[in-house]
Amino acid sequence: MRKKIVAGNWKCNTTVKEGVELAKSVNELVLTSGAKDVVVVLGAPFTHLTSIVEAVDADRIDVSSQNCAAEPKGAFTGEVSASMVKSTGATYVILGHSERREYYHETSVTLNKKLTQVLEQGLTPIYCCGEALAIREAGTQNEYVKQQLDETIFLLPSEQLLKLVIAYEPIWAIGTGVTASTQQAQDMLSFIRGLIANKYNKEVAEEISILYGGSCSPSNAKDLFSQPDIDGGLIGGASLKAPDFLAIINAY
Ligand code: PEP
């Protein structure tokens with residue numbers, strides 16, 4: 001059975017102290033009142049990972065980085081490798097977020113290297129895909145997302161694909177307050193699951209958790225999560241407020 005997952009993406013926000021406080025608040029709220037069958041992941045900056053892993057209940061909260069290096073180690077000043085992420089106790093790595101693709105020029109070639117590193121370390125990639133507004137307006141979002149996946153995760157054998165979580169995040173909905181409609185989100189996630197069924201098989205497609213991300217909030221999470229192909233959310237802004245994040249977790 002695929003998992004229900006609510007993952008926060010804190011982006012470049014909070015000091016270590018603020019991040020630990022936020023993590024502790026989420027931890028406490030989730031332990032006392034969080035939906036028990038939802039996997040909760042906190043995607044924090046690299047600098048925070050060790051402290052946050054120490055601050056939360058490892059049985060209940062998973063910790064994620066938001067990126068990692070494409071190379072295992074060496075002369076790559078400023079980079080943080082997947083093995084370094086693993087050494088903090090984090091268990092997930094967000095890869096291919098549209099902000100990294102856009103501002104740091106991450107390509108499918110780079111992302112394939114990063115996927116290899118993350119999978120070799122036994123970490124779980126949360127692999128992001130999604131189209132820009134112009135592509136949605138042209139009606140070619142399915143072709144665009146298919147190509148993003150064909151060039152990267154669909155090159156993996158099924159045993160490795162099964163280790164991934166996929167997050168569909170339309171760029172026009174990220175941080176804009178404009179959420180994809182429940183139907184738009186369901187249609188794309190169903191399309192992605194169909195691609196997996198065709199390329200691999202139906203069992204593999206049914207096992208993989210696919211998340212929606214883009215202005216997900218306490219007010220729209222219930223509708224989104226009620227859809228048959230939406231297995232949870234990747235949450236940006238609303239993950240920075242513990243009560244809002246809890247409300248999204250409890251939208252299941
Ligand atoms: C994100 O950046 O992954 C995201 C979904 O952001 P927001 O929820 O703020 O739109």
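Guide: On a 1 Å grid over the protein atoms alone, a pocket is an open set of points where a 1.4 Å probe fits, with protein on both sides within 12 Å along at least five of seven lines. Its volume is the space filled by probe spheres set on the points. This is a predicted model, in which local features need pLDDT of at least 70, while totals for linings use all residues. Residues are numbered from 1 along each chain as its sequence is written.

Visitor: What volume does the second largest pocket have?

Guide: The second largest pocket has a volume of about 240 Å³, and the largest pocket one of about 420 Å³.

Visitor: Which residues lie nearest the centre of the second largest pocket?

Guide: Lining residues have an atom within 4 Å of a point. Of the 15 that line the second largest pocket, Lys-3, Leu-162, Lys-163, Leu-164 and Val-165 lie nearest its centre. The largest pocket is also lined by 15 residues, with Lys-11, Cys-12, Gln-66, Arg-100 and Tyr-104 nearest its centre.

Visitor: Which way do the residues of strand 8 point?

Guide: In a regular strand the side chains alternate between the two faces of the sheet. In strand 8 (residues 232–235; strands are DSSP runs of E, at least two residues, numbered from the N terminus), Gly-232 and Leu-234 point one way and Gly-233 and Ile-235 the other. All are buried, that is, under 20% relative accessible area with a 1.4 Å probe, protein chains only.

Visitor: In which sense do strand 1 and strand 8 pair?

Guide: Two strands pair if DSSP finds at least two bridges between them. Strand 1 (residues 4–9) pairs with strand 8 in the parallel sense over four bridges, and Ile-5 stands opposite Gly-232.

Note on methods
Predicted model: local features only at pLDDT ≥ 70, side-chain atom pairs only at ≥ 80, totals over all residues. Heavy atoms only, no water. Buried < 20%, exposed > 50% of the residue type's maximum accessible area, 1.4 Å probe, protein only.
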